[in-house]
Amino acid sequence: MLEFCKDILLKVSFSRKLFKKELIKAVRWLNKGERILLKAWCLATFGQVYGDVIMKAFKQISFERVS
């Protein structure tokens, strides 16, 4: 599933809106270990362009799980 999410994110990375939508979906689908790997990969791959989107998506899911 992690590799599938990476493929999707690569394909939609041309659009900030699509990237955000697909990243949030991916974060919800993956287990904790996979989320950590995805976050590291996203920051390494897209951090220059979408760093703010990436951090918000991962913070949002952390907040939802606590609530």
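**Figure 1. Glu3 and Lys6 sit about one helical turn apart in helix 1.** Being 3 residues apart in helix 1, Glu3 and Lys6 are separated by about one helical turn. The model shown here and in the other views is predicted. The side chains of Glu3 and Lys6 form a salt bridge, with an N to O distance of 3.4 Å. Lys6 is buried, at a relative accessible area of 16%. This value falls under the 20% limit, so Lys6 is classed as buried rather than partly exposed. Lys6 is also one of the residues touched by Leu38. The Glu3 and Lys6 pair belongs to a structure that holds 3 salt bridges.

**Figure 2. Asp52 and Arg16 form a salt bridge between two helices.** The side chains of Asp52 and Arg16 meet at 2.4 Å, N to O. Asp52 lies in helix 3 and Arg16 in helix 2, so the pair ties together parts that are 36 residues apart in sequence. Asp52 is partly exposed, with 38% relative accessibility. Arg16 is likewise partly exposed, and its relative accessibility is 38%. Side chains of opposite charge can pair when their charged atoms come close.

**Figure 3. Lys25 and Glu22 pair within helix 2.** Both residues lie in helix 2, 3 residues apart, about one turn of the helix. Their side chains meet in a salt bridge of 3.2 Å, N to O. The side chains of Glu22 and Lys25 also count as a polar contact, at 3.2 Å. Buried or partly exposed: how does Lys25 count? Lys25 is partly exposed, at 32% relative accessibility. Glu22, in contrast, is buried, with a relative accessible area of 16%. Leaving out residues up to four places away in sequence, Glu22 touches Ile8, Leu9 and Val12.

**Figure 4. The largest nonpolar core draws on helices 1, 2 and 3****.** This core has 19 residues. Which residues have the most contacts inside it? They are Leu9, Phe19, Leu23, Leu38, Cys42, Phe46 and Ile54. Helix 1, helix 2 (16-29) and helix 3 (32-66) each supply at least two residues of the core. Helix 3 gives the most, with 10 residues.

**Figure 5. Leu38 is in contact with residues including Leu9, Leu23 and Phe58****.** Leu38 is among the core residues with the most contacts inside the core. Beyond four places in sequence, Leu38 touches Leu2, Lys6, Leu9, Leu23, Ala26, Val27, Leu30 and Phe58. Two of these partners, Leu9 and Leu23, are also listed among the residues with the most contacts in the core.

**Figure 6. Phe58 is a buried residue of helix 3****.** Phe58 is placed in helix 3. Its relative accessibility is 7%, so Phe58 counts as buried. Neighbours within four places in sequence aside, Phe58 is in contact with Leu23, Val27, Arg35, Leu38 and Lys39. Phe58 and Lys39 are 19 residues apart along the chain, yet their C-alpha atoms are separated by 7.5 Å.

**Figure 7. Met1, Phe4 and Trp29 form a nonpolar surface patch****.** Together the three residues have about 370 Å² of accessible area. Phe4 is found in helix 1 (residues 2-12). With a relative accessible area of 46%, Phe4 is partly exposed. This value is over the 30% that a patch residue needs.

Definitions and conventions:
Residues are numbered from 1 along each chain as its sequence is written. This is a predicted model: local features need pLDDT of at least 70, side-chain atom pairs count only at pLDDT 80 or more; totals for chains, interfaces and linings use all residues. Side-chain values use heavy atoms; hydrogens and water are left out. Patches are made of residues with over 30% relative accessible area and no salt bridge: like charges are joined within 9 Å, nonpolar side chains (Val, Leu, Ile, Met, Phe, Trp, Tyr) within 5 Å. Accessible areas come from the Shrake-Rupley method with a 1.4 Å probe; for residues, only the protein chains shown count as cover. A salt bridge is a side-chain nitrogen of Lys or Arg within 4 Å of a carboxyl oxygen of Asp or Glu. Helices (H or I, at least four residues) and strands (E, at least two) are DSSP runs, numbered from the N terminus. Buried means under 20% relative accessible area, exposed over 50%, partly exposed in between (1.4 Å probe, protein chains only). A nonpolar core is a set of buried Ala, Val, Leu, Ile, Met, Phe, Trp, Tyr and Cys residues joined through side-chain atoms within 4.5 Å. Contact means heavy atoms within 4.5 Å. A polar contact is a pair of N or O atoms within 3.5 Å; within protein, one must be able to donate a hydrogen and the other to accept it, and residues adjacent in sequence count only if both atoms are side-chain atoms.
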